[in-house]
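Open the model in your viewer and keep the selection tool at hand. The tour goes stop by stop, with a short note on what to select at each one.

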Amino acid sequence: MRDAFAQLIEANKLDVPPVLRRFHAEPPALSQGQVTVEGGRRWGRLLAALAGFPPPMSRSRFRLEVAREGKGHVWRRSFARHKTSSFLQYDARSGRVVERFGPVELELSATARDGALIITIERARLFGFTLPPSLCPQSTAMEYETPQGNLGFDISASLPRIGLLVRYHGYLTLPELDLRR
């Protein structure tokens, strides 16, 4: 079943590389690859850890498990031995993807630019309360097709006045995808 990003790509008629279109149209139950994690300063690392993100690590094993749950999907990310998960669902009313990490809820939008899917945070809620822009996480996130045909990603989050929380980048190999469809 299509995931939230496939629905967003379709609704906005975004021109994304075939590997992204196929991945989000039929997310594999398990994908593996490599990741590098960077962290910010003391407060940024503390907040990232509280949200379940791993400490900085050089090139390490990365696994992504995607499982359908209700009207969305749970994404379980394993950064070596560190795990974090979130629930993603497309909200047709707002035209955005809603991602939940525990008490944090993010509304995400996307554009396609230079062969990449660019994802931005439009709104954030904590325990159901909308955060003002001065407390809203900022993100630079993108997915793209690597020269080897893998799904590349570069995701970072920061907070005003605190700076970088976490940045992780790497790739997933997707050999089971038939890109001809």
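**Stop one: an exposed loop residue**

Select Lys-13: its relative accessibility is 73%, so it counts as exposed (over 50%; buried is under 20% and partly exposed lies in between, with a 1.4 Å probe and protein chains only). Before moving on, note that this is a predicted model, where local features need pLDDT of at least 70 and side-chain atom pairs count only at pLDDT 80 or more, while totals for chains, interfaces and linings use all residues. Residues are numbered from 1 along each chain as its sequence is written, and side-chain values use heavy atoms, with hydrogens and water left out.

Stay on Lys-13. It sits in the loop between α1 and α2. Helices (H or I, at least four residues) and strands (E, at least two) are DSSP runs, numbered from the N terminus. Lys-13 is not a glycine, yet its phi is positive, about 50°.

**Stop two: helix α1**

Now select residues 4-11, helix α1. Is this helix enclosed or open? Six of the eight residues of α1 are buried, so the helix is largely enclosed by the rest of the structure. Colour the buried ones: Ala-4, Phe-5, Ala-6, Gln-7, Leu-8 and Ile-9. Then show what covers them, including α2, β3 (72-79), β4, β5 (96-101), β6 (104-113) and β7 (116-126).

Zoom in on the start of α1. A side-chain oxygen of Asp-3 comes to within 3.0 Å of the backbone nitrogen of Phe-5.

**Stop three: α1 against α2**

Add residues 18-25, helix α2. Two packed helices are described by the angle between their axes and the distance between the axes. Here the axes come within 7 Å and cross at roughly 125°. Axes are lines fitted to C-alpha atoms, for helices over the stretch in contact, and angles run from 0 to 180 degrees between N-to-C directions. That makes α1 oblique to α2 (under 35 degrees is roughly parallel, over 145 roughly antiparallel, 65 to 115 roughly perpendicular, the rest oblique).

Which residues meet? From α1 come Phe-5, Ala-6 and Ile-9; from α2 come Arg-21, His-24 and Ala-25. Contact means heavy atoms within 4.5 Å. The residues of this contact divide into four nonpolar, one polar and one charged. Ala, Val, Leu, Ile, Met, Phe, Trp, Tyr, Cys and Pro count as nonpolar, Asp, Glu, Lys and Arg as charged, and the others, Gly among them, as polar.

**Stop four: Val-98 and Asp-91**

Select Val-98 in strand β5. Val-98 is buried, with a relative accessible area of 8%. Measure across to Ala-4: the two are 94 residues apart in sequence and 8.2 Å apart in space, C-alpha to C-alpha. Not counting residues up to four places away in sequence, Val-98 touches Phe-87, Leu-88, Gln-89, Asp-91, Glu-105, Leu-106 and Glu-107.

Step to Asp-91, in strand β4 (residues 82-91). Leaving aside neighbours within four places in sequence, Asp-91 is in contact with Arg-96 and Val-98.

**Stop five: two more loops**

Pick Ala-80, in the loop between β3 and β4. Its phi is positive, near 55°, and Ala-80 is a residue other than glycine. At 24% relative accessibility, Ala-80 counts as partly exposed.

Finish at Arg-41, in the loop between β1 (30-39) and α3 (42-50). Arg-41 counts as exposed, at 70% relative accessibility. Show Leu-164 too: Arg-41 and Leu-164 are 123 residues apart in sequence, but 7.3 Å apart in space, C-alpha to C-alpha.

Terms used. A polar contact is a pair of N or O atoms within 3.5 Å; within protein, one must be able to donate a hydrogen and the other to accept it, and residues adjacent in sequence count only if both atoms are side-chain atoms.
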